[in-house]
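Work through the exercises below with the sequence and the 3D structure at hand. Each task is followed by a solution in steps.

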Amino acid sequence: MHTGEDTVTREADAGTDWTAVATQLLGDVDRRVMTAVARIDPETPLGVSFDAR
Amino acid sequence: MDGIPDLWKCDIAAVGQQLADKSLSPVELTDVMLARIAALDPAVQAFVTVLDESARRRAAAAEREIAAGRYRGPLHGIPIAIKDIYDTKDVKTTCCSRVRQDHVPTQDATVVRRLEDAGAVVLGKVSTHEFAFGFDSTPTRNPWNTEHIPSGSSGGSGAAIAAGLCFAATGSDTGGSIRAPAAANGIAGIKPTYGRVSKYGVAALSWSLDHAGPMARSAKDLAILLSVMAGHDPLDPDTKDVAVQNYAAALTGEIRDVRIGVPSNYFNDDVTPAVAEAFDTAVTHLASMGAQVMAVDVGDLDGALDCMLAIAMAEAAVYHQDSLSGTPDLYGAETRALLEAGALMSASTYLNAQRVRSVVKVSFQRALSGVDVLLTPTQPRTAMKVGETVSRIGPREESVFEVSARFCAPFNLSGLPAASVPCGRCQDDLPIGLQIIGKPFDEAMVLRVADAFQITTDHHRRYPALAG
């Protein structure tokens, strides 16, 4: 059995700079979503239903 | 454990029959599984909380009911585990995070209630990547090789089933978190259609991408579990009032009239040779059973993974905004960084990701218009080593998150039902998964194909050496 404490300990031990990883990821995702949206029909709607029922 | 050493290898259908005809006692069965947890879980670390007292109490109640002729059905007396993001009344639900290390819900998640009403015996809570936001599920280990991760985020569920510590478990899937650990641990799992299974009482990662579903050893068992878990829930506005199919009746073993589409793009990219070979062999096998196999175009999916990430990161940041601002130090470093990055996601990126998602959805509707199911590998590779942060397949370098979600995330965006069943292994004996995708609310067809594959192959009848 374990607790959430182990997760935190393992990450610290791994020495990964998660802030740098997440910042890079944020930039990459933003850029790639822009690339993806550039390939679809510019008139594509949001696609989320706002059903009033 | 000594008297019935191989009981844990059985699937629910087989064990349930013994419980129903009273040749096996639910108390005896529960004791076997609790003894296995005590003996094996120190190496696997799948369980966060073991509920030995309440499990024995529920098993004794099941025994009395069955003896009195009040058999509830195929889950009556079956020991299962619950992913630790599902609320369990009076039992800690930590999401494997210090943020909720003392959180004790006052009621059960709808799915937990339904499973217990069907007579299932909850052995305990199993681990998840913190708040289900990742794929390594540390510190849980893969029973096939404890130097490898069990994948995630439902890694505790996958590892516990593979090690024979329970017969089934609940999972949740936002970008592959049921299917990836199913593949990594050599078991079966299904992410049902969005809206098929209630998420009430399940901690959210991303409201519009989250799916709750079952994990077990076989498609037959998934059918039994899903029959109980599925259905409209007035407490969950995302569930749809669509009739629940008779999943067990759909498992005919016959697929001669089934049309199978194999995507001609995206899902062939950058997979390991072992995965490619196992997938091709599985497709050939299904064709030899009489299924019509044809290539299909699934459209442009190059941005799918990033759109899933944009949506998940932004929605997760909103779900966590109060506790992230109040107690940021209680989050693990990885989760905190992802949530803080999500809070910085621009509205235009989030909305554009939703627009691309609507195109992806239409592309899959077209791809499925001429076939009954699609087949893909579940994962491009087998489970990564503990501590490994970069996956390399040929020239492609990816994070654990990217390689784990690449083939699964498109079906979180589309909301289509998708299952994974084992279809082979790589040279170092780690399992490989076959992903089967169906039309909306047609889980019966997905399970029919999965079951037909399993009753003519033995990949799901292999067990890790650790399990004994």
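The exercises concern a predicted model and go from single elements to the contact of two chains.

**Exercise 1. Decide how far strand β6 of chain B is enclosed, and find which strands pair with it.**

Step 1. Strand β6 of chain B covers residues 211–216, and six of the six are buried, so the strand is largely enclosed by the rest of the structure.

Step 2. Sort the residues by direction. H211(B), G213(B) and M215(B) point one way, while A212(B), P214(B) and A216(B) point the other way; buried residues are found on both sides. In a regular strand, side chains alternate between the two faces of the sheet.

Step 3. Look for the partners. Strand β4 of chain B, residues 168–173, pairs with β6(B) in the antiparallel sense over six bridges. In this pairing, D173(B) is opposite H211(B).

Step 4. Strand β5 of chain B, residues 188–191, is also antiparallel to β6(B), with two bridges. Here A188(B) is opposite A216(B).

**Exercise 2. Describe chain A by its helices, strands and buried share.**

Step 1. Chain A contains two helices and zero strands.

Step 2. Of its 53 residues, 21% are buried.

**Exercise 3. State what chain B brings to its contact with chain A.**

Step 1. The contact involves 42 residues of chain B and 33 residues of chain A.

Step 2. On the chain B side, β1 (47–50), α10 (304–319), α12 and α13 (347–367) each supply at least two residues. The most come from α13(B), which gives 10 residues.

Step 3. Divided by class, this side of chain B has 18 nonpolar, 15 polar and nine charged residues.

**Exercise 4. Work out how helix α2 of chain A packs against α10(B).**

Step 1. Two packed helices are described by the angle between their axes and the distance between the axes.

Step 2. For α2(A), residues 18–38, and α10(B), the angle is about 125° and the axes are 9 Å apart. Angles that fall between 115 and 145 degrees are neither roughly perpendicular nor roughly antiparallel, so α2(A) is oblique to α10(B). The crossing is left-handed.

Step 3. From α2(A), the residues V29(A), R32(A), V33(A) and A36(A) meet D306(B), C307(B), L309(B) and A310(B) of α10(B). By class, this contact has six nonpolar, no polar and two charged residues.

**Exercise 5. Do the same for α2(A) and α12(B), and say whether α12(B) is enclosed or open.**

Step 1. The axes of α2(A) and α12(B) come within 8 Å and cross at roughly 35°. This crossing is right-handed.

Step 2. On the α2(A) side the contact is made by W18(A), T19(A), V21(A), A22(A), T23(A), L25(A) and L26(A); on the α12(B) side, by A333(B), E334(B), A337(B), L338(B), E340(B) and A341(B). The classes are nine nonpolar, two polar and two charged residues.

Step 3. Helix α12 of chain B spans residues 333–343, and 10 of the 11 are buried, so the helix is largely enclosed by the rest of the structure. Among the buried residues are R336(B), L339(B) and G342(B).

**Exercise 6. Classify I40(A) as buried, partly exposed or exposed, and list its contacts.**

Step 1. I40(A) is in the segment after α2 of chain A.

Step 2. I40(A) has 16 C-beta neighbours inside 10 Å, so it counts as partly exposed; a buried residue would need 20 or more.

Step 3. Leaving aside neighbours within four places in sequence, I40(A) is in contact with R355(B), V356(B) and V359(B).

Definitions and conventions: Residues numbered from 1 in each chain as written. Chains lettered and ligands numbered in written order. Predicted model: local features only at pLDDT ≥ 70, side-chain atom pairs only at ≥ 80, totals over all residues. Buried ≥ 20, exposed ≤ 12 C-beta atoms within 10 Å, placed from the backbone. Helix = DSSP H or I, 4+ residues; strand = E, 2+ residues; numbered from the N terminus. Pairing = 2+ DSSP bridges. Contact = placed C-beta atoms within 7 Å. Nonpolar A, V, L, I, M, F, W, Y, C, P; charged D, E, K, R; others polar. Axes fitted to C-alpha atoms, helices over the stretch in contact; angles between N-to-C directions. Parallel < 35°, antiparallel > 145°, perpendicular 65-115°, else oblique. Left-handed = near helix turned anticlockwise from the far one by under 90°.
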